[in-house]
Amino acid sequence: MRILVIISCFLSFQNIVFGQKIDESDLLNKDEKNSTLRRRLEPRISDKYYRGRYLIYDCVNRHYVCINLPSFYNCQEERLKEIEAKSVLLSCAPLKQFKTQKECFDVNYSLIHRITNKSFCVNQVF
């Protein structure tokens with residue numbers, strides 16, 4: 001009986017302290033919630049990339065990878081910054097968008113087994 005009284009007192013105290021209304025402006029907006037949820041649930045390839053249907057070549061780690069759209073844009077933006085800074089070696093090369101992840105994975109697999117020219121990693125604008 002004493003335990004029930006103590007629990008009910010605790011719950012009423014909790015409602016007084018934490019029962020304040022939450023202002024909707026304090027909450028994340030819908031896009032931020034979706035972005036946060038996507039980052040939590042979307043499969044990661046590495047610490048750097050999320051899986052997707054956009055093919056790039058990572059010039060630093062020297063491999064092809066199929067990534068999502070935000071990672072693809074990050075690669076493009078970083079590449080433009082490196083070209084403007086006149087860096088000789090570029091960090092990545094955005095290559096192609098595919099209709100599905102499977103198409104990207106198939107092309108990625110075929111490129112792994114083929115020797116290709118990686119001249120797209122070198123800044124040729126001087």
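This section describes the disulfides, nonpolar cores, surface patch and salt bridge of the structure. The model is predicted.

The structure contains 3 disulfides. With the bonded cysteines of the protein chain numbered in sequence order, the pairing reads 1-6, 2-5, 3-4. The three bonds are taken in turn below.

One disulfide joins C59 and C121, with the sulfur atoms 1.9 Å apart. This pair links distant parts of the chain, 62 residues apart. C59 sits in the loop between β1 (51-58) and β2 (63-67). C121 sits in the segment after α4 (101-112). The torsion about the S-S bond of C59 and C121 is about -80 degrees, so this disulfide is left-handed. C59 has a relative accessible area of 13%; it falls under the 20% cut-off and therefore counts as buried. C121 is buried as well, at 9% relative accessible area. Beyond residues up to four places away in sequence, C59 touches L90, S91, C92, A93 and C121. The contacts of C59 thus include its disulfide partner C121 and C92, a cysteine bonded to C75.

A disulfide also connects C66 and C104, whose sulfur atoms lie 2.0 Å apart. The link again spans distant parts of the chain: C66 belongs to strand β2 and C104 to helix α4, 38 residues apart. The S-S torsion of C66 and C104 is about -100 degrees, so the bond is left-handed. C66 and C104 are both buried.

The remaining bond to describe is that of C75 and C92, with a sulfur separation of 2.0 Å. C75 lies in helix α3 (residues 69-84) and C92 in strand β3 (residues 92-97), so this disulfide ties together parts that are 17 residues apart in sequence. The torsion about the S-S bond of C75 and C92 is about 125 degrees, so the disulfide is right-handed. C75 is buried, and C92 is buried too.

Four of these cysteines also appear in the largest nonpolar core. That core has 10 residues: L55, Y57, C59, Y64, C66, A93, F98, C104, L111 and C121. Strands β1 and β2 and helix α4 are the elements that give two or more residues to it. Another core lies apart from it, with 8 residues. Among its members are Y54, V65, I67 and C92. The disulfide partners C59 and C121 are both members of the 10-residue core. The partners C66 and C104 are also members of that core.

L111 offers a view of the largest core from helix α4, where it is placed. L111 is buried, with a relative accessible area of 13%. Leaving aside residues up to four places away in sequence, L111 touches L55, Y64 and T116. L55 and Y64 belong to the largest core together with L111. L111 and Y64 are 47 residues apart in sequence, and their C-alpha atoms are 7.6 Å apart in space.

L55 can also be placed relative to helix α3, the element that holds L69. L69 and L55 are 14 residues apart in sequence and 10.0 Å apart in space, C-alpha to C-alpha. L69 is partly exposed, with a relative accessible area of 33%. L55, by contrast, is a member of the largest nonpolar core.

Nonpolar side chains are also found on the surface. V88, L89 and V122 form a nonpolar patch there, with about 270 Å² of accessible area together. L89 is located in the loop between α3 and β3. At 62% relative accessibility, L89 is above the 50% cut-off and therefore counts as exposed.

A search of the whole structure finds 1 salt bridge. It pairs K102 with D106, the closest N and O atoms being 3.0 Å apart. K102 and D106 are 4 residues apart in helix α4, so about one helical turn separates them. K102 counts as exposed, at 56% relative accessibility. D106 is partly exposed, at 42% relative accessible area. Helix α4 thus carries the salt bridge, the buried core residue L111 and the disulfide-bonded C104.

Conventions:
Residues numbered from 1 in each chain as written. Predicted model: local features only at pLDDT ≥ 70, side-chain atom pairs only at ≥ 80, totals over all residues. Heavy atoms only, no water. Disulfide = S-S within 2.5 Å. Buried < 20%, exposed > 50% of the residue type's maximum accessible area, 1.4 Å probe, protein only. Core = buried A, V, L, I, M, F, W, Y, C linked by side-chain atoms within 4.5 Å. Contact = heavy atoms within 4.5 Å. Patch = residues over 30% accessible without salt bridge, like charges linked within 9 Å, V, L, I, M, F, W, Y side chains within 5 Å. Areas by Shrake-Rupley, 256 points an atom, 1.4 Å probe, with all protein chains shown as cover. Salt bridge = Lys/Arg side-chain N within 4 Å of Asp/Glu carboxyl O.
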